[in-house]
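Reader: Hi! Could we walk through this one together, beginning with its pockets and cavities?

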Amino acid sequence: MAENALALDKKRDTSFVMIMVFIMSFFLNQSNVLFGINLSLSDFIIVGILAILIIKNEIELPLMNIVVFSTFSIFILFYSLFIIPNQYMIAADPISTLIDYTKLLVVFLYYIIGFNLSRLRLTTTFLRGFVVGAVGIGFIGILISFVPIPYLSSIMLFGESRLIGFMNDPNFFAVIQCCALSILLRIKPLNPIVRLGAIGIVFLSIISSGSKSAIILVFLYSGYFILTNVLKSKKTTPLKVASSLLLVLGLLLIIPNLLTYTDELMELIINRFPIFSRVELLFTDFSSAVSDGGSGRTQVWQTAVHIIKSSPLFGIGLGNYIPIAEQFVNNPNVAHNTYLQLSAEWGIVLTVLFFLYIGTIVFATKPGLFANTQDNQNWQIIRDILIIFLIASVSISLNNARIFWLVFGMSVFQAKSTPSVKNHERSKK
């Protein structure tokens with residue numbers, strides 16, 4: 001009787017954690033700036049999840065990662081507050097440095113939680129919560145395009161036309177929706193009608209965001225998705241691979257021409273979704289699309305390159321980017337490129353090591369190595385999300401993206417656990 005009671009209590013505790021994880025994942029689709037920091041409701045929930053795991057003694061801290069992060073924290077704070085101000089003759093700004101470091105500390109917490117969610121086999125719960133939030137918000141966003149709702153329209157639209165959901169940037173919102181798209185394409189079991197409808201909602205929400213970078217990202221990911229599915233098929237032949245490559249290249253060449261000649265369809269779409277006029281340029285005038293209408297990245301990239309050249313090895317630290325950028329341009333802004341942003345702040349050495357580590361995790365651990373189908377499916381989805389972020393990082397600064405660090409933590413645990421899975425399989429034989 002006592003054993004049954006303990007089992008029931010444990011089941012209730014697990015159910016409560018699962019609900020918390022689902023809600024936290026749902027609110028990863030929301031963030032707003034407050035006191036100079038992007039805050040999300042998921043930040044408060046994740047602290048609750050951390051507290052529960054500590055109380056239940058279910059938390060595992062990756063010691064080496066914590067040592068590396070602690071060492072990096074001491075170095076970057078000292079460097080930012082004492083070395084760089086003297087080197088560039090600027091006033092040290094402890095508040096700006098603290099704000100930037102707080103962002104870094106928060107995403108590292110997401111990394112730790114992601115590591116433990118994977119360890120506790122809660123990855124599927126996370127994926128479901130996140131995709132439900134993305135599809136739900138996408139549906140509301142499309143709905144207000146047809147039936148304006150005053151309060152929601154003011155919150156969910158940027159410049160009265162670009163859909164941002166409950167984010168503060170349309171480009172980041174679109175990248176988040178691309179991550180949801182990758183989940184919908186791979187997650188099983190899922191009713192085909194539900195899958196198709198959800199994919200349609202997410203794709204329309206990406207178009208409604210007016211993010212040209214995200215449209216390019218969708219095409220690139222679609223090509224990757226087709227090729228990986230062909231390559232992992234048991235009946236794969238060189239002819240099938242070549243055919244798939246030709247199909248992907250053909251679509252990339254044919255679709256823009258088709259859309260150019262379908263003026264009536266374009267007019268219908270633009271009348272309903274005016275922001276699509278930004279995206280239309282991708283198919284009718286690609287060079288203008290990537291440089292006009294606020295999409296130009298040349299100046300901010302050049303500024304980042306100037307900063308990197310001025311301090312290539314260890315960067316300029318945290319909280320110093322804008323005042324130093326003012327020495328190169330009149331209107332400084334962040335790099336809009338994660339690789340350049342981190343190279344400027346952390347230096348080339350640490351940035352290269354960081355992305356080499358991510359690359360090792362993403363590409364060295366192959367799908368199909370895990371003990372069961374669910375683990376393999378989850379790993380493929382996690383891998384896809386990381387790849388989406390790595391591609392999107394070329395045109396957006398995503399170094400503080402919560403979901404990236406959460407999924408990164410999951411991938412590190414799964415990569416770490418792969419050898420033990422193999423040994424377990426051998427021992428069973």
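Author: Happy to! On a 1 Å grid over the protein atoms alone, a pocket is an open set of points with protein on both sides within 12 Å along at least five of seven lines, a cavity is a set where a 1.4 Å probe fits but cannot get out, and lining residues have an atom within 4 Å of a point. Points are joined across faces, edges and corners, and a volume is the space filled by probe spheres set on them. This is a predicted model, in which local features need pLDDT of at least 70 and side-chain atom pairs count only at pLDDT 80 or more, while totals for chains, interfaces and linings use all residues. Residues are numbered from 1 along each chain as its sequence is written, and side-chain values use heavy atoms, with hydrogens and water left out.

Reader: Thanks. How much space lies in the second largest pocket?

Author: About 520 Å³. Its lining is made of 18 residues, and those nearest the centre are Val 68, Phe 69, Phe 72, Trp 346 and Phe 354.

Reader: Which elements give two or more residues to that lining?

Author: Helices H3 (63–88), H4 (94–119), H17 (348–364) and H19 (402–428) do; helices here are DSSP runs of H or I with at least four residues, strands are E runs of at least two, and both are numbered from the N terminus. H3 contributes the most, with 7 residues.

Reader: And what's the lining of the second largest pocket like by class?

Author: There are 16 nonpolar residues, 2 polar ones and no charged ones. For the classes, Ala, Val, Leu, Ile, Met, Phe, Trp, Tyr, Cys and Pro are nonpolar, Asp, Glu, Lys and Arg are charged, and the others, Gly among them, are polar.

Reader: Okay, cavities. How many of 30 Å³ or more does the structure hold?

Author: There is 1. The largest cavity has a volume of about 70 Å³, and its lining includes Thr 338, Phe 354, Phe 389, Ser 393 and Leu 398. At least two lining residues come from each of H16 (338–346), H17, H18 (373–392) and H19. By class, this lining has 8 nonpolar, 3 polar and no charged residues.

Reader: Ser 393 caught my eye. Where is its place, and is it buried or exposed?

Author: Ser 393 sits in the loop between H18 and H19. Its relative accessible area is 5%, so it is buried; buried means under 20%, exposed over 50%, and partly exposed in between, with a 1.4 Å probe and protein chains only. Setting aside neighbours within four places in sequence, Ser 393 is in contact (heavy atoms within 4.5 Å) with Asn 337, Thr 338, Tyr 339 and Leu 398.

Reader: Leu 398 again! What separates the C-alpha atoms of Phe 172 and Leu 398?

Author: They are 8.1 Å apart, although the two residues are 226 places apart along the chain. Phe 172 belongs to helix H7 and counts as buried because its relative accessibility is 15%. Not counting residues up to four places away in sequence, Phe 172 touches Met 167, Phe 389, Ile 396, Leu 398 and Ala 401.

Reader: Switching to the interior: how many residues has the largest nonpolar core?

Author: It has 92. A nonpolar core is a set of buried Ala, Val, Leu, Ile, Met, Phe, Trp, Tyr and Cys residues joined through side-chain atoms within 4.5 Å. Among the residues with the most contacts inside the largest core are Met 24, Phe 130, Phe 354 and Phe 389. H7 (170–186) gives the most to this core, with 11 residues. A second, separate core of 14 residues includes Ile 90, Ala 304, Ala 325 and Leu 340.

Reader: What is Phe 130 in contact with, leaving aside neighbours within four places in sequence?

Author: Its partners include Ser 25, Phe 26, Ile 176, Ile 183 and Ile 403.

Reader: Nice. Now the backbone: which peptide bond is cis?

Author: The bond from Lys 188 to Pro 189 is cis, with omega near -5°. Pro 189 is in the loop between H7 and helix H8 (192–208).

Reader: And what is phi of Arg 121 near, and what about His 336?

Author: Phi of Arg 121 is near 60°, a positive value in a residue other than glycine. Arg 121 lies in the loop between H4 and helix H5 (123–146), and it counts as exposed because its relative accessibility is 55%. His 336, also not a glycine, has a positive phi of about 55°. His 336 is in the loop between helix H15 (321–325) and H16 and, at 26% relative accessibility, counts as partly exposed.

Reader: Last one: how many helices and strands are in the chain?

Author: The chain has 19 helices and 4 strands, and 46% of its 429 residues are buried.
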